[in-house]
Amino acid sequence: MKALHFGAGNIGRGFIGLILSRAGYEVTFSDVNQELVNALRERGEYTVELANESKDQETVTGVTAIDGRELQTVAKAVAEADLITTAVGVGVLKHIAPGISEGLEQRRRAGSVQKPLHIIACENAIGGSAQLKEHVYALLDEQARAFADEYVYFPNSAVDRIVPIQNHEDMLHVQVEPFYEWVVDRSQMAPAFKPMDGVVYVHDLEPYIERKLFTVNTGHCVAAYIGYVHGYDTIQKAIADEKVKSVVYGALQETGQVLVKRFGFNPEEHEQYIEKILGRFVNPYLTDEVTRVGRSPLRKLSPNDRLVRPALLAHADDMPVTHLAMGMAAACKFDVSDDPEAVELQSMIRQKGVEAALSHYTGMDENHPVVVEAVKQYKQM
């Protein structure tokens, strides 16, 4: 069985590629980093280390890589794949769509390739696979779309594993936290699909996506932004400060109220889930920099992402948003020179003020109560 995975970065190798290999797939990574591609081609294997006391390691074998910039090479890999996955960042999905669309056209022309193909975007976004499908379909002609409608499936998924910035002598070696979760929407797959070990299949993905996004991702970015304001360089140091932890916990209580009401989660079980997530953040064997977790603040402040969406849902139901607003305010203090989005945000704040900046990037009016609260918190920081 052949799997094509877009993105040979740390998440691609340390999470998705690992699970695919365990399931018996020969994994081909597609990436634009030529150094990574060459190393994977030459060695055909890499090691994954768990961030635990014993530093358990596993060698992933039978892998190779292709240059993601070579359209025909990518298309050929798509045409031959039994499964396609991505971990490139939701903003990059449109850039990999041409290779996928050309590969699907080759499958159609081959005629013999009439078996179901699943294309799963493993991104930190709601409806990642649906977004990828939209990009791909925009490039297909009528015949190719008809073929894809019959044989190609884009099930949405939710993925969860903390993979920090790596600093190893071996560029392919990757360290990951022991915990992981990969959930796929069963209702969007072929009727006779083959389940894969390490993946959870559900008929309603939305509760899992939002629980993860509004707990893991919300908590992580609030820890990063509040930690940054307090001068910490890692998530572990930030969470060790009770002042930071209390804000993170408060934000997760606010998102928790939203999740319990929307999806009927058991309140006690969700509280246990929050505690488990906080425990993952303080893993003493993991060093996760606040600049990594907080990067791309404009995306994290966008209307459907981890801070604004739960705050809007909470406000609509007259629930508190104080701690989520503190997270937004701290995001506006995230002044990191090598992060283009942080640079853009700081520039707008200097030119037009924090009110205008928050309104622009969150999609809310400057007089919206959530924006007003965030501005109040910003000025108090």
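Begin by selecting Thr255 and displaying its surroundings: leaving aside residues up to four places away in sequence, Thr255 touches Phe214, Thr218, Pro310 and Leu324. The model on the screen is a predicted one, and the tour stays with what can be read from its coordinates. Thr255 lies in helix H9, which covers residues 242–263, and because its relative accessibility is 0%, Thr255 counts as buried.

**From Thr255 to helix H13**

One of the contacts of Thr255 is Pro310, so select residues 308–316 next, the stretch that forms helix H13. Within H13, the buried residues to colour are Val308, Arg309, Pro310, Ala311 and Ala314. If you then show what covers these buried residues of H13, the elements to bring up include helix H7 (206–229), H9, helix H14 (322–331), H16 and helix H17 (369–380). Before leaving, step just past the end of H13 to Asp318, where the backbone takes a positive phi of about 60 degrees.

**Helices H15 and H16**

H16 is among the elements that cover the buried residues of H13, and its packing against helix H15 is the next stop. Select residues 340–352 for H15 and residues 354–362 for H16, whose axes come within 7 Å of each other and cross at roughly 135 degrees. With that crossing, H15 counts as oblique to H16. To see the contact itself, show the side chains of Glu344, Leu345, Met348, Ile349 and Lys352 on H15, together with those of Val354, Ala356, Ala357, His360 and Tyr361 on H16. Sorted by class, the residues in this contact of H15 with H16 are 7 nonpolar, 1 polar and 2 charged.

**The sheet of 6 strands**

Now move to the open sheet whose 6 strands stand in the order E5-E2-E1-E6-E7-E8 and pair in parallel. At its edges are E5 and strand E8 (152–153), each of which pairs on one side only. Helix H4, residues 93–110, packs on this sheet and touches E1, strand E6 (83–86), strand E7 (117–121) and E8, with a direction that makes about 180 degrees with that of E7. Helix H5, residues 128–137, also packs on the sheet, where H5 touches E6 and E7 and makes about 115 degrees with the direction of E7.

Which residues of E7 are buried on each of its faces? Leu117, Ile119 and Ala121 lie on one side and His118 and Ile120 on the other, and all of them are buried, so that both faces of the strand are covered. Since 5 of the 5 residues of E7 are buried, this strand is largely enclosed by the rest of the structure. On the E6 side, 4 bridges join E6 to E7 in parallel, and Thr85 has Ile120 of E7 as its bridge partner. Towards E8, 2 bridges join E7 to its parallel neighbour, and here Leu117 is partnered by Val152 of E8.

Elsewhere in the sheet, select strand E2, residues 26–31, of which 5 of 6 are buried, leaving the strand mostly covered. Strand E1, residues 2–6, pairs with E2 in the parallel sense over 5 bridges, and Ala3 stands opposite Val27 of E2. Tracing the chain from E1 to E2 takes you through helix H1, residues 10–22, in a β-α-β crossover that is right-handed. E2 is also joined by 5 bridges to strand E5, residues 63–67, and these two strands run parallel. In E5, Val63 is the bridge partner of Val27, while Thr64 is that of Thr28.

**The sheet of 3 strands**

Finally, display the open sheet in which 3 strands follow the order E4-E3-E10 with mixed pairing. Strand E4 (57–61) and strand E10 (174–176) are at the edges with a single partner strand each, so one side of each is left without a neighbour in the sheet. From one strand to the next, the twist averages 30 degrees. Strand E3, residues 45–50, pairs with E10 in the parallel sense over 3 bridges, and within that pairing you can pick out Glu49 opposite Gln175 of E10. H1 packs on this sheet, touching E3, E4 and E10, and its direction makes about 105 degrees with that of E3. Having met H1 in the crossover from E1 to E2, you can keep H1 selected and view its contacts with E3, E4 and E10 as the last stop.

Note on methods
Residues numbered from 1 in each chain as written. Predicted model: local features only at pLDDT ≥ 70, side-chain atom pairs only at ≥ 80, totals over all residues. Heavy atoms only, no water. Buried < 20%, exposed > 50% of the residue type's maximum accessible area, 1.4 Å probe, protein only. Contact = heavy atoms within 4.5 Å. Pairing = 2+ DSSP bridges. Right-handed = clockwise from strand over helix to strand, strands pointing away. Axes fitted to C-alpha atoms, helices over the stretch in contact; angles between N-to-C directions. Parallel < 35°, antiparallel > 145°, perpendicular 65-115°, else oblique. Nonpolar A, V, L, I, M, F, W, Y, C, P; charged D, E, K, R; others polar.
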